[in-house]
Amino acid sequence: MQFHHHGYVSGDPRVLPAAGTGIDRPAELPDEMDVLIVGSGPAGMLLAAQMSRFPDVTTRMIERRDGRLVLGQADGIQPRSVETFDAFGFAERIIAEAYNIGWMNFWGPDPENPENIIRTARTEDYGFQISEYPHLIVNQARVLDYFAEAAAHGPGRILPDYGIEFVGLTVHDEGEHPVEVQVRYTAGPREGEERTVRAKYVAGCDGARSGVREAIGRKHLGGISAHAWGVMDVLVNTDFPDWRTKCAINSESGNILHIPREGGYLSRMYIDLGAVAEDDDHHVRSTPIEAIIAKANDILHPFTLDVKQVAWFSVYEVGHRVTDRFDDVDADDGRTPRVFLTGDACHTHSAKAGQGMNVSMQDGFNLGWKLGSVLSGRSPEGLLRTYSSERQPVAQQLIDFDREWSSLMARKPEEIEDPQELATFYLGTAEFPSGFMTQYGPSMIEQDAAQQEQHQALAAGFPIGKRFKSAEVVRVGDGNVVHLGHHANADGRWRVYAFADAAAPEEESKLRDWARWMMKDAASPLRRHTPAGGDLDAIFDIKVVYQQPFEEVDLNRVPGLFLPKTGPLGLTDWEKIYAATQTELSTGKTASIFDERGLSRDGVVVVVRPDQYVAAVLPLTATAELAAFFEGCLLPA
């Protein structure tokens with residue numbers, strides 16, 4: 001963590017100085033604002049935390065509840081989400097209180113006594129197999145608390161406006177604040193009062209029954225399957241030996257997905273309640289908790305549950321729906337979107353794949369930096385059209401994955417030919433539930449197909465359109481081994497990683513030519529898009545990685561581009577310069593990011609978006625192409 005560059009800090013460095021709209025922030029919801037966030041779920045809270053890093057943008061969030069969420073229904077945290085938490089500064093703290101999924105075990109009928117279940121497979125969870133980040137379980141309410149803290153401690157000082165609900169909206173054709181929104185107070189001295197406010201943009205983060213979705217005429221496409229599940233968070237005594245291990249349990253009496261939770265005692269169980277009759281008319285949703293517990297005991301036979309407390313329970317029928325579009329414009333009408341949908345407002349599915357909260361947060365991350373960039377004058381309004389085009393295909397992938405996983409989970413024993421099939425599917429599809437399969441296509445913020453085909457081989461381990469997969473490097477200034485990607489905060493800046501050619505750091509090289517061009521040429525992105533008088537790294541966080549061991553890099557011979565002087569004191573930033581080779585003392589072997597990620601030894605530039613997705617790969621000599629890429633998505637300063 002870097003701080004003190006704006007002067008000595010004696011308090012919590014996570015509390016950033018208030019700026020812009022964060023100074024003397026009005027307690028009451030104003031009549032006009034730049035962004036109105038409707039709903040304080042995972043997407044909404046992340047969006048607020050991101051917008052707080054754009055303090056010149058007036059952002060408000062309304063929530064019909066009168067206070068914070070106490071008990072959240074979602075709990076699964078995939079590695080990509082933990083990576084996102086790291087960007088917002090609270091990964092270490094939430095990991096400490098969460099349950100870490102190390103294993104997933106599978107149970108099925110005992111061939112000799114089919115009425116009993118036995119363990120059929122024990123598999124190491126995919127979390128650490130696919131990423132340096134873990135796979136966690138933690139109450140959704142705590143996730144929202146951490147994002148709320150990030151929003152409140154950001155320069156914009158964003159706090160939820162509790163006790164205000166969305167009533168309706170109208171998008172006008174003109175005006176500085178063209179979205180007219182009707183709201184109603186649900187708590188406090190103004191309870192029942194309605195008023196109208198205006199916004200430049202509205203984000204509907206208001207759940208599966210989204211009023212914002214209805215107001216813009218978008219439709220949920222899909223339906224509910226004829227199968228019901230009971231879910232309960234319980235404190236129990238049991239003789240089931242895998243109570244503190246995630247399990248998929250298949251028996252002659254039904255199926256259970258069992259997920260231990262944070263705190264060492266609490267667990268969540270998804271209990272198969274079977275097929276639902278066509279004329280049921282949702283009566284299954286009133287199934288009492290006693291019946292759900294009894295069903296769980298039947299499935300677990302010969303083991304038993306003695307339930308001491310039920311923290312929460314519900315019954316749901318599996319539904320798979322995706323909204324026809326995630327904003328208020330049609331694909332071909334050319335208008336700028338003014339209203340956006342995120343999370344359950346635009347995609348709903350079963351909870352058993354553990355994806356709802358995770359995908360919703362990535363909706364908010366995708367939208368947040370784009371709104372901030374447009375409203376702060378960095379990018380053209382056309383950038384906002386990429387939100388729906390990028391996130392809608394991801395939601396459809398989620399629905400397809402969840403439909404297959406739910407179908408596998410609901411099978412009867414006689415329908416299972418291979419007892420290892422579920423375990424094989426769980427591990428074989430790990431990239432998707434980890435959150436790392438998303439790959440955005442060519443657009444104004446993703447390199448065009450021709451250049452991708454020409455240059456991707458220069459950085460094979462950083463696929464264009466996918467999230468930047470970090471690797472260890474050595475920070476030259478202090479010799480510490482760090483993850484390169486972990487130094488990318490959710491601050492709205494673009495990352496530009498220059499991987500040097502093989503020349504010695506002090507010699508003339510392609511890298512030196514590139515650095516001179518970036519610093520001095522009027523056409524370079526740095527000169528064209530950095531505000532006059534702004535810090536050198538205000539828009540671009542530019543880092544270099546040398547091929548040589550860190551001991552061979554003389555900081556006094558490194559181009560000044562990588563030693564920027566920033567902040568009001570003009571202090572040198574020593575954390576832009578890295579070396580790719582390190583010695584592993586335990587084995588004596590060396591490891592290099594150039595080998596791990598298939599990077600060209602002739603040098604390569606990797607451009608990464610503010611939401612951590614690789615946007616472009618170019619040789620060091622392709623300066624015109626680099627300038628052209630940024631001219632397509634950033635405005636001149």
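**Entry 1: lining of the largest cavity**

I looked up which helices border the largest cavity. Helix 2 (79–88), helix 8 (356–375), helix 9 (386–409) and helix 11 (431–434) each give at least two residues to its lining. Helix 8 holds the largest share, with 3 residues. I note here that the model is predicted.

Next I asked for the volume. The largest cavity comes to about 130 Å³. Its lining has 15 residues, and those closest to the centre are Gln-355, Val-359, Gln-362, Gly-435 and Thr-438. I then sorted the lining by class. I got 8 polar, 5 nonpolar and 2 charged residues.

I also took the total. There are 6 cavities of 30 Å³ or more.

**Entry 2: the second largest cavity**

What volume does the second largest cavity have? I find about 60 Å³ of space there. I listed its lining in chain order. Arg-80 and Glu-83 come from the 80s, Arg-467, Phe-468, Gly-485, Ala-488, Arg-495 and Tyr-497 from the 400s, and Val-608 and Gln-612 from the 600s. The class split is 4 nonpolar, 4 charged and 2 polar.

Which elements supply at least two residues each to this lining? They are helix 2 and strand 21 (494–499). Helix 2 is also on the list for the largest cavity, again with at least two residues. I followed both elements further.

**Entry 3: helix 2**

I checked burial along helix 2. Of its 10 residues, 9 are buried, so the rest of the structure largely encloses this helix. The buried ones are Pro-79, Arg-80, Ser-81, Val-82, Glu-83, Thr-84, Phe-85, Ala-87 and Phe-88. Burial here means under 20% relative accessible area. Two names recur from my previous entry: Arg-80 and Glu-83 line the second largest cavity, and both are buried in helix 2.

I then looked at what follows the helix. Gly-89 comes after helix 2, and its phi is positive, near 90°.

**Entry 4: strand 21 and its partner**

From the second largest cavity I moved along strand 21. How many bridges join strand 21 to strand 22? I count 6, and the two strands run parallel. For one contact I looked up the residues: Ala-498 has Val-544 of strand 22 as its bridge partner.

Is strand 22 mostly covered or mostly open? It is mostly covered: 9 of the 10 residues in strand 22 (residues 540–549) are buried.

**Entry 5: recap**

I close with the links. Helix 2 contributes to the lining of the largest cavity and to that of the second largest. Strand 21 shares the second of these linings and pairs with strand 22.

Note on methods
Residues numbered from 1 in each chain as written. Predicted model: local features only at pLDDT ≥ 70, side-chain atom pairs only at ≥ 80, totals over all residues. Heavy atoms only, no water. 1 Å grid on protein atoms, 1.4 Å probe; cavity = no way out; pocket = protein on both sides within 12 Å on 5 of 7 lines; lining within 4 Å. Points joined across faces, edges and corners; volume = space filled by probe spheres on them. Helix = DSSP H or I, 4+ residues; strand = E, 2+ residues; numbered from the N terminus. Nonpolar A, V, L, I, M, F, W, Y, C, P; charged D, E, K, R; others polar. Buried < 20%, exposed > 50% of the residue type's maximum accessible area, 1.4 Å probe, protein only. Pairing = 2+ DSSP bridges.
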